[in-house]
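Grab a pencil and have a go at these exercises on a protein chain. Try each task yourself before you peek at the worked solution.

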Amino acid sequence: MRVLHSSDWHLGRSFHRESLLSAQAAFVDHLVETAREERVDVVVVAGDVYDRALPPVDAVALCNEALARLKALGVHTVLISGNHDSAVRLGFGADLMERVHLRTDPGRAWVPVVVGDVAFFGIPYLEPEIVKGPWELAERSHTAALTYAMDRVRAHPARRKVVLAHAFVTGGEASDSERDISVGGVAHVPLAAFSGVDYAALGHLHGRQTMSETVRYSGSPIAYSFSEAGQRKGSWLVDLGANGVEFVPAPVPRPVSRLRGRIDDLLSDPRHAGVEDHWLQVTLTDPIRPREAMERLRGRFPHTLALAFEPEGATAQTARLVPIAGRAEIDVAVDFVREVRGEEADEAETRLLRQAVEACRIREGV
């Protein structure tokens with residue numbers, strides 16, 4: 001039995017306002033081709049299929065295409081809802097589909113999809129506040145909810161078991177692109193919660209991680225934050241019969257990287273040639289904030305998306321309360337520029353600020 005473990009597609013997500021649909025479509029091509037070449041029996045998607053509860057039309061179309069192509073190969077696909085998904089919307093038509101198995105109802109978490117002699121249990125994202133009452137849990141926590149579901153999975157008589165779950169396992173490494181789930185109770189669950197099964201395919205954390213030989217995160221197929229720079233994205237290919245696990249790297253349409261330094265150094269240093277076509281987060285360390293920094297950076301690095309300023313030698317400063325009563329608006333605006341940038345506004349900037357102030361006066365009828 002060959003299983004391809006994927007998760008956190010987040011279809012419909014953008015990256016600093018850049019559309020990722022073409023990159024996500026390239027991943028779908030890769031996933032389908034991997035399933036064909038490796039003769040995969042079951043593809044599992046461990047939650048966060050979409051990026052939001054009401055996904056855009058093109059994201060739904062891409063998901064439909066992915067599932068249809070996998071079905072045409074004769075592959076079974078098991079999907080669960082994650083904390084970004086709408087369980088109701090994602091689960092629509094679950095009982096009508098052939099070879100596509102949607103598990104979005106917590107009450108069916110221990111009702112398996114049986115393929116050959118392997119039982120696949122889809123445990124959707126469990127919101128503790130929602131299941132605490134019906135399941136008569138002693139506490140409102142992710143551990144209590146997941147343990148309840150896993151106890152019933154372990155009690156099932158199937159000889160071989162694979163579990164899909166969307167959770168934050170203690171010891172896992174988070175990134176900046178996951179949505180915090182602690183609002184629904186204590187977020188972390190112990191690794192021991194997944195004992196007693198042949199393989200646990202986890203979703204939620206966006207970096208691939210091996211929690212144990214039988215418990216893994218596949219991570220997201222695409223980097224969704226600059227904190228994921230350098231991560232290797234892809235899926236786990238799991239051979240249950242031979243107990244073999246191999247990571248299959250996904251295509252990288254455009255890598256993400258971080259740069260830090262003074263703007264003149266960044267623009268002239270030949271060592272940065274390798275990231276000129278990357279999506280970039282740039283932190284400038286110039287003592288004085290450079291003018292037109294983004295425009296200058298994009299002259300060499302056209303895909304710079306995020307810009308921050310951390311002047312060398314600067315110490316943390318608390319906000320100052322400066323009296324402005326009775327002062328002219330233009331003087332307040334010019335002082336603000338000096339406070340933020342560390343130098344006076346030039347003549348052209350002052351003229352522009354003055355025009356803005358006058359425009360506001362006219363609009364307000366002053």
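**Exercise 1.** Find the residue in S4 that stands opposite valine 3, then work out how S1 and S4 run.

*Solution.* Step 1: look across from valine 3, and you land on valine 42 in S4. Step 2: S1 and S4 run parallel, joined by four bridges. Strands here are DSSP runs of E with at least two residues, helices are runs of H or I with at least four, and both are numbered from the N terminus. Two strands count as paired if DSSP finds at least two bridges between them.

Before you go on: this is a predicted model, where local features need pLDDT of at least 70 and side-chain atom pairs count only at pLDDT 80 or more, while totals for chains, interfaces and linings use all residues. Residues are numbered from 1 along each chain as its sequence is written, and side-chain values use heavy atoms, with hydrogens and water left out.

**Exercise 2.** Now go to S15: which residue there does arginine 2 face?

*Solution.* Step 1: opposite arginine 2 you find aspartate 239. Step 2: check the direction; S1 and S15 run antiparallel, with four bridges joining them. As background, strands of a sheet pair through backbone hydrogen bonds, either parallel or antiparallel.

**Exercise 3.** Put the strands of the six-stranded sheet in order and name the ones at the edges.

*Solution.* Step 1: the order is S6-S5-S4-S1-S15-S16, in an open sheet with mixed pairing. Step 2: S6 (100-103) and S16 (244-249) each have a single partner strand, so one side of each has no neighbour in the sheet. Step 3: zoom in on S4 (residues 42-46) and S5 (residues 76-80), which pair in the parallel sense over five bridges. Valine 45, for example, has leucine 79 in S5 as its bridge partner.

**Exercise 4.** Is S1 largely enclosed or left open, and why?

*Solution.* Step 1: count the buried residues (buried means under 20% relative accessible area, with a 1.4 Å probe and protein chains only). Step 2: four of the five residues of S1 are buried, so the rest of the structure largely encloses this strand.

**Exercise 5.** How many helices and strands does the chain have, and what share of its residues is buried?

*Solution.* Step 1: the chain has nine helices and 19 strands. Step 2: of its 366 residues, 48% count as buried. Step 3: for the overall dimensions, the C-alpha atoms fill a box of roughly 80 × 50 × 40 Å along the principal axes.

Terms used
Buried < 20%, exposed > 50% of the residue type's maximum accessible area, 1.4 Å probe, protein only.
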